[in-house]
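Hi everyone, thanks for coming. I'd like to walk you through one model today, starting from the inside and working outwards. Let me put it on the screen.

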Amino acid sequence: SVSCQEAKKKKKKKDWEIGAINKNNNNLIKKVKAKIIDVAGLVCGSSEGQGLGNYFLSELKKANVLVFVFRMFYGEKIGHIDRSVDALRDLEILKSEVLSYDKQNLAKIYKKDFDAITLKKAKDCLQQGIEIRFFEWTTEQKQDLKELNLLSAKPVIYLLNMDNKTY
């Protein structure tokens with residue numbers, strides 16, 4: 001088992017230049033620098049402290065955009081905690097852990113610091129298993145939610161990591 005200190009040391013950081021290309025003329029539209037941080041280790045029960053769960057989930061709060069990578073191939077050298085490859089199962093675990101983590105964080109919020117209607121709506125949303133970003137919010141509510149820094153409110157990119165045979 002890896003300690004939190006060891007995990008912090010092993011966390012991979014890399015600066016990337018990312019650009020958008022105009023598909024009509026292949027000209028660069030916009031180029032930005034992005035810091036990509038590899039935070040591995042989310043498992044079923046992470047929001048309750050399983051594995052290195054809360055450490056990893058708290059690291060995600062620092063991100064502007066979440067990129068979740070799901071492995072779609074089998075490899076003897078690359079293990080999986082459940083000993084099988086199942087991207088849909090992993091997506092459900094991820095969603096469940098993010099919602100659970102957000103529920104725990106919302107429970108700690110003092111109502112006097114945020115609009116009560118926004119807090120109730122957010123709690124109801126999470127109780128129903130709906131990620132915050134999929135719900136309708138007013139401009140003022142979006143500002144409150146931004147301050148709350150909920151994981152399920154962040155934009156998400158889902159990537160499928162495939163080998164040539166699976167592709």
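Helix H3 (87–107) gives the largest share of the lining of the largest cavity, 4 residues. Helices here are DSSP runs of H or I with at least four residues, strands are runs of E with at least two, and both are numbered from the N terminus. By cavity I mean a set of points on a 1 Å grid over the protein atoms alone where a 1.4 Å probe fits but cannot get out; lining residues have an atom within 4 Å of a point.

Before I go on, this is a predicted model: local features need pLDDT of at least 70, side-chain atom pairs count only at pLDDT 80 or more, and totals for chains, interfaces and linings use all residues. Numbering runs from 1 along each chain as its sequence is written, and side-chain values use heavy atoms, with hydrogens and water left out.

Back to the cavity. How many cavities of 30 Å³ or more does the structure hold? Just 1, and its volume is about 60 Å³, taken as the space filled by probe spheres set on points joined across faces, edges and corners. Besides H3, strands S3 and S4 each supply at least two residues of the lining. Among the lining residues are Leu66, Phe68, Leu91, Val156 and Tyr158. The split is 8 nonpolar, 1 polar and 3 charged, where Ala, Val, Leu, Ile, Met, Phe, Trp, Tyr, Cys and Pro count as nonpolar, Asp, Glu, Lys and Arg as charged, and the others, Gly among them, as polar.

Now to the surface, where S3 (66–71) and S4 (156–161) turn up again: each supplies at least two residues of a nonpolar patch. Its members are Val65, Val67, Val69, Ile157 and Leu159, with about 400 Å² of accessible area together. For the method people: areas are Shrake-Rupley with a 1.4 Å probe, and for residues only the protein chains shown count as cover. Patch residues have over 30% relative accessible area and no salt bridge (a side-chain nitrogen of Lys or Arg within 4 Å of a carboxyl oxygen of Asp or Glu); nonpolar side chains are joined within 5 Å, like charges within 9 Å.

Val65 sits in the loop between helix H2 (53–60) and S3. Is Val65 buried, partly exposed or exposed? Partly exposed, since its relative accessible area is 40%; buried is under 20%, exposed over 50%.

Methods
Buried < 20%, exposed > 50% of the residue type's maximum accessible area, 1.4 Å probe, protein only. 1 Å grid on protein atoms, 1.4 Å probe; cavity = no way out; pocket = protein on both sides within 12 Å on 5 of 7 lines; lining within 4 Å.
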